[in-house]
Structures are given as structure tokens and as C-alpha cells.
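Biologist: I would like to learn how to read a structure like this one. Could you take me through it step by step?

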Amino acid sequence: MKIKQIHFFSGVVLACFIGIHLFNHFISIFGIQRHIELMDSLRKIYRHPFVEMILLVSVVVQIRSGLQLVRRKGSRNAGFFDKLHLYSGLYLAIFLVIHVSAVLVGRFYLKLDTNFYFGAAGINSFPVNLFFIPYYALAVLSFFGHLAAVHSKKMNQPILSLSPAHQAKGILILGAVVTLLLFYGLTNQFSSIELPEEYRILTGQ
Ligand code: HEM
Ligand code: HEM
């Protein structure tokens with residue numbers, strides 16, 4: 001199989017998980033408890049050892065194949081979506097390494113339940129939020145940005161008289177709206193969150 005095909009197939013696996021993962025975070029706008037209940041149900045699937053192994057292998061395959069594609073392409077003479085494709089991919093590579101390692105360290109070494117509070121801890125505590133807010137926002141925007149770039153290349157038909165480039169811009173706008181909604185939930189409607197004691201270690205306090 002060619003690198004691009006490998007990247008495509010593991011990308012589909014990963015995108016399914018990420019879509020569900022972001023939806024789970026979105027649900028926190030209806031209350032932290034609702035988010036945690038849904039996460040408990042979803043974990044029965046994605047924490048099944050076989051499913052989680054496929055997910056973690058896909059993360060590694062996606063980063064390795066993506067970096068090979070970046071090396072091949074370069075960014076000379078590239079248009080907006082070509083550049084977005086490369087830079088969003090590079091950011092996703094960095095983010096996925098840090099994010100997945102952090103989740104695994106939190107779960108197996110710090111013995112924390114890596115639920116809503118694990119993600120919210122850094123976002124709601126000054127000064128570490130100066131890092132965590134752009135870190136998560138750029139991850140969600142890069143995910144939508146990467147998919148918008150793929151769409152702009154693969155789609156060749158207008159939808160409701162919108163050209164593929166306009167459709168791709170629509171995906172970018174959707175990404176910005178989803179990012180705002182996720183932060184609305186993660187910050188308890190832009191106010192603050194009472195962190196349970198065991199998560200305070202993550203805020204450096
Ligand atoms: C969240 C994870 C990711 C998903 C869902 C994803 C998805 C995709 C998809 C579906 C394609 C199109 C493949 C094709 O043309 O058949 C693609 C292309 C590409 N991806 Fe990713 N990808 C992800 C992460 C990454 C990472 C971590 C990198 C690298 C650092 C990367 C770099 C690239 C590059 C360079 C291309 C080719 C661009 C081109 O042909 O112009 N991707 N990605
Ligand atoms: C608002 C932003 C995000 C927050 C707050 C967040 C938080 C979390 C948390 C708390 C977990 C642990 C889940 C559990 O224990 O059941 C997790 C897992 C994970 N996240 Fe995120 N995440 C965010 C965005 C993303 C994005 C954009 C990606 C991918 C590009 C991603 C990829 C993953 C992966 C692959 C895992 C699974 C690790 C495992 O196998 O357990 N996350 N995330």
C-alpha cells in the first residue's frame with residue numbers, strides 16, 4: 001500500500017474517534033454530569049483493549065505516514081489549502097504526541113480518572129491556561145483545517161451552488177464554532193470550575 005492510502009485509512013479510523021470525542025466534549029455545555037455519563041458509556045467501546053490498541057496504533061501510523069507526506073511535498077508554490085494541510089498536519093503530530101502521552105501518564109502513573117476534569121484542569125487555572133487554551137484550540141482548529149484541506153482537494157462538485165473551495169471554508173467556520181462551544185462547556189459557560197482535589201496537581205498549585 002502507498003503511504004497516502006495508509007494515511008487515508010488510519011485517518012478515517014482516527015477521525016471517527018475524534019468526531020465522537022469532540023461530540024462528547026460538546027455535551028458538557030448541557031452539564032458536566034451529562035458529559036461524564038456519556039464518556040462512561042463510550043469508554044465501554046473505545047477502552048476495550050482491542051479497540052484501544054487499534055486507536056493507539058492508528059495515532060502512531062497517522063503521525064509517521066503524515067510526516068513522510070510532509071517531507072515529500074514541501075510547501076513551495078503552495079496555495080492556501082496546501083499550506084493549511086501541511087501546517088495543520090504538523091500541529092496535529094505535535095499535539096497527538098503530547099495529548100495521548102499526557103492521558104496515558106494521567107491514567108496509569110498518576111492513577112487519575114482522565115475524565116472532564118482532566119481536560120478542564122489546565123484550561124481553568126491561571127497561569128497554565130495561557131498554554132492550555134491555545135494548545136487545545138489549535139488542536140480542534142487544526143483537525144477541522146486538515147479535513148477542510150482534504151475536502152478542497154477531493155471534492156469536485158458544487159453543493160447548493162457552493163464551490164468546493166467555499167464548502168472547505170464552511171468546514172473552517174464550523175471548526176471555529178465548535179471550538180467556541182467546546183470552550184463554553186470546558187469553562188462552565190465561561191465562568192470557572194470547582195476542581196476536585198485530586199486534579200489540582202495538574203494546575204501546578
Ligand atoms: C487527526 C489526524 C489526521 C487525519 C484524520 C488526517 C487525514 C488525512 C486525509 C484523509 C488525507 C488525504 C489522503 C489522500 O489524499 O488520500 C490527508 C493528507 C495529508 N496529511 Fe493527514 N491526517 C491526520 C494527521 C496528519 C498528521 C499528524 C500529519 C503530519 C504531520 C498529516 C499530514 C498530511 C499530509 C502532508 C497530507 C497530504 C497532503 C497532500 O496530498 O497535498 N496528517 N490527511
Ligand atoms: C477540547 C479539546 C480536548 C480535550 C479537553 C481533550 C481531552 C481528552 C481526555 C480527558 C481524554 C481521556 C479520555 C478518557 O479517559 O476516556 C482524551 C483522550 C484522547 N484524545 Fe482528547 N481532548 C481534546 C481534543 C482532542 C483532539 C482535537 C484530538 C485529536 C486530534 C484528541 C485525541 C485524543 C485521543 C487519540 C485520545 C485517546 C487516548 C486513549 O487511548 O485513551 N483529543 N482527550
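Modeller: We will go from the overall fold to helix packing, then to the ligands and two backbone details.

Modeller: Please keep in mind that this is a predicted model, in which local features need pLDDT of at least 70 and side-chain atom pairs count only at pLDDT 80 or more, while totals for chains, interfaces and linings use all residues. Residues are numbered from 1 along each chain as its sequence is written, and chains are lettered from A and ligands numbered from 1 in the order in which they are written.

Biologist: How many helices and strands are in the protein?

Modeller: Helices (H or I, at least four residues) and strands (E, at least two) are DSSP runs, numbered from the N terminus. Here the protein has 7 helices and 0 strands, so its elements read α-α-α-α-α-α-α from the N terminus on.

Biologist: Why is the protein said to be as compact as a globular protein of that length?

Modeller: The radius of gyration is taken over C-alpha atoms, and the globule rule is 2.2 Å times the number of residues to the power 0.38. For 205 residues that rule gives 17 Å, and the protein has 18 Å, which is close, so it is as compact as a globular protein of that length. Its C-alpha trace spans about 50 × 35 × 30 Å along the principal axes.

Biologist: What should I look at when helices pack?

Modeller: Two packed helices are described by the angle between their axes and the distance between the axes. Axes are lines fitted to C-alpha atoms, for helices over the stretch in contact, and angles run from 0 to 180 degrees between N-to-C directions. In our model, α1 and α3 pack at about 135°, with axes 8 Å apart. Angles under 35 degrees count as roughly parallel, over 145 as roughly antiparallel, 65 to 115 as roughly perpendicular and the rest as oblique; α1 and α3 are therefore oblique to each other.

Biologist: Which residues of α1 and α3 make the contact?

Modeller: Two residues are in contact if their C-beta atoms, placed from the backbone, lie within 7 Å. Among them are I3, S10 and F17 of α1, and I54, S58 and L69 of α3. By class, this contact of α1 with α3 has 10 nonpolar, 8 polar and 1 charged residues. Ala, Val, Leu, Ile, Met, Phe, Trp, Tyr, Cys and Pro count as nonpolar, Asp, Glu, Lys and Arg as charged, and the others, Gly among them, as polar.

Biologist: At what angle do the axes of α4 and α6 cross?

Modeller: They cross at roughly 140° and come within 8 Å, which makes α4 oblique to α6. The contact includes F81 and F95 of α4, with L138 and S152 of α6. It has 10 nonpolar, 7 polar and no charged residues.

Biologist: Which residues come closest to ligand 1?

Modeller: A residue is near a molecule if its C-beta atom, placed from the backbone, lies within 6 Å of it. Ligand 1 is surrounded by 24 residues, and G11, G66, L69, G89 and A93 are the closest. At least two residues of this shell come from each of α1, α3, α4 and α6. The shell has 14 nonpolar, 7 polar and 3 charged residues.

Biologist: Which element gives the largest share of the shell around ligand 2?

Modeller: That is α4, with 5 residues. Of the 23 residues around ligand 2, T114, F118, G119, Y136 and A139 come nearest. The shell divides into 16 nonpolar, 5 polar and 2 charged.

Biologist: Where is the cis peptide bond?

Modeller: The bond from F126 to P127 is cis, with omega near 5°, and P127 lies in the loop between α5 and α6. Another backbone detail is K111, a residue other than glycine with a positive phi, near 55°. K111 is in the loop between α4 and α5.
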